[in-house]
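Please examine the sequence and the three-dimensional structure shown below. The paragraphs after it lead from the overall composition to individual residues.

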Amino acid sequence: MTRRAPDSCPGVLRLHEAADGPLARIRVPGGRLEPAQLQALAEAAHDLTDGNIELTSRGNVQLRRVSDAAALTDRLVAAGLLPSTTHERVRNIIASPLSGRIGGLADVRPLVRALDTGLLAAPRLADLPGRVLFTLDDGRGDVSGLGPDIGVHAVGADEFALLLAGGDSGLRLSAADAVDVVLAAAQAFLDLRGADRGRWRLHEIEHGAERVIDRLGSAPSADELEFPATPDIPIGWLQQDDGSVALGMGVRLGSLPARTAEFLAAVERPVFLTPWRSLVVTDLPEWTAEQVVRVLAPMGLIFDADSPWLLVSACAGQPGCAKSHTDVRADAADAVGAGRVLPGPADPLGLPRTMSAAEVAVAGRQHWSGCDRRCGRPQGEVTDIVATSEGYRVDRPPRVP
């Protein structure tokens, strides 16, 4: 049996010692932040960290260079962002951000609350790895393609497909049973993981999905669905089904300044963090939505769905990561800011050579990495811009014939 290093996924009570100082990761189930919670994060970022709130690819947030871990913990507890000292790192729940407001086959918002409550109520589930991922997709297919360990995908108003190890298990569930089955699958994952604490994800266990199905005592009853990992990011003016307005806004390289977050909190509407490192502010009257755009667009938030900033993500790079060859965030920002934007996959970017930062252009979705670990890389077809000791290597996704 292969044993690996212990689970070092950071949280609030277990900080990661990054090259630029301690890093805290705060789980936000379903991505939902109340205005007071966003204000608390903004104040903490300003007072106790480097002044920015980092959005992650799981709809969570990170704070870098934490100067006082105890003070941060106290603030997050007071804001309701740390409801458990035992389960904080396993509350990785991504849900369709627009669910219950715009489209979708089912409203998964009640499932978010029920799943989080169920996780917190099960002492044994505190032993889940910090990398485990739950997804709740309302049927539009926006989060099921993110490779969940366990998830559900609406196939009707009251019917869900159970997802295991990133794929459809073939099992179908009612809305009333969905959370109980997801929790049972999580228990089964722990059973299969056993003493091998190095297997962080269900797909790392041989025949993991099939073995979980056996433990659930069920049999597949439907053809398996496929879920592409390339959804449209909700950006701009979004008309809700109830006549209100939601505003989707991009955040450059996923780094939200604390001052900008304070302005968002002052809108006094729910804010949803998306797994695409963007934000959705919901339930706005039209007049208010217009004012929000006028105030926040000049502060750098992106309301244009065609903005090249939405094509680019990046790892921490230097100075945050000791393994990075360079400051990839600065280089990526320079590429976008200088207008080095090519039209898409037909360009000649995929040549097998290294390039200087000044030569790399933004073409289609791409992720800039300071080393070959490619931390924070989004799912789906993404061009990798990887820093090496000799420059940037450009790795294109394989072309489909």
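The account begins with the whole chain and then turns to cores, a sheet, backbone geometry and cysteines.

The model is a predicted one. Its secondary structure comprises 8 helices and 20 strands. Of the 401 residues in the protein, 53% are buried. Among contacts with a separation of 6 or more, 62% join residues that stand 24 or more positions apart. The accessible surface amounts to about 17,000 Å², and carbon and sulfur atoms account for 51% of that area.

The interior may be described through its nonpolar cores. In soluble globular proteins, nonpolar side chains tend to be buried together. The largest nonpolar core here has 42 residues, and Ile-53, Met-249, Leu-264 and Leu-279 are the ones that touch the most other members. Helix H1, residues 35-48, supplies the largest share of this core, with 7 residues. Leu-279 illustrates how distant parts of the sequence meet: beyond its neighbours within four places in sequence, its contacts include Leu-55, Leu-247, Met-249, Leu-256, Leu-264 and Phe-272. A second core, separate from the one just described, contains 39 residues, among them Ile-93, Val-152, Val-179 and Leu-202.

One sheet deserves a closer look. Five strands form an open sheet in the order E6-E7-E8-E9-E10, and the pairing is mixed. Strand E6 (93-95) and strand E10 (167-174) each have a single partner strand and therefore occupy the edges, where one side of each has no neighbour in the sheet. From one strand to the next, the twist averages 20 degrees. Within the sheet, strand E8 (residues 150-156) and strand E9 (residues 159-164) are antiparallel and pair over 6 bridges. At one of these positions, Gly-156 has Glu-159 of E9 as its bridge partner. Helix H5 (residues 208-216) packs on the sheet and touches E9 and E10, with its direction at about 130 degrees to that of E9.

Several loops carry notable backbone geometry. The peptide bond from Gln-318 to Pro-319 is cis, its omega being near 0 degrees. Pro-319 belongs to the loop between strand E16 (312-314) and helix H8 (328-337). Two residues that are not glycines have a positive phi: Leu-253, at about 55 degrees, and Glu-268, at about 60 degrees. Leu-253 is found in the loop between strand E12 (245-250) and strand E13 (255-257), whereas Glu-268 is in the loop between helix H6 (258-266) and strand E14 (271-273). Are these two residues buried or exposed? Leu-253 has a relative accessible area of 9% and is therefore buried. Glu-268, by contrast, counts as exposed because its relative accessibility is 58%.

The cysteines remain to be considered. A disulfide is a covalent bond between the sulfur atoms of two cysteines. The structure holds 0 disulfides. Cys-315 takes part in none, and the nearest cysteine sulfur, that of Cys-321, lies 6.5 Å away. Why does Cys-371 not form a bond with Cys-321? The sulfur of Cys-371 is 5.8 Å from that of Cys-321, its closest cysteine sulfur, and this is too far for a bond, given that a disulfide requires the two sulfur atoms to be within 2.5 Å. Cys-315 counts as buried because its relative accessibility is 11%. Cys-371 is likewise buried, with a relative accessible area of 13%.

Note on methods. Residues are numbered from 1 along each chain as its sequence is written. This is a predicted model: local features need pLDDT of at least 70, side-chain atom pairs count only at pLDDT 80 or more; totals for chains, interfaces and linings use all residues. Side-chain values use heavy atoms; hydrogens and water are left out. Buried means under 20% relative accessible area, exposed over 50%, partly exposed in between (1.4 Å probe, protein chains only). Two strands pair if DSSP finds at least two bridges between them. Helices (H or I, at least four residues) and strands (E, at least two) are DSSP runs, numbered from the N terminus. Axes are lines fitted to C-alpha atoms, for helices over the stretch in contact, and angles run from 0 to 180 degrees between N-to-C directions. Contact means heavy atoms within 4.5 Å. Accessible areas come from the Shrake-Rupley method with a 1.4 Å probe; for residues, only the protein chains shown count as cover. A nonpolar core is a set of buried Ala, Val, Leu, Ile, Met, Phe, Trp, Tyr and Cys residues joined through side-chain atoms within 4.5 Å.
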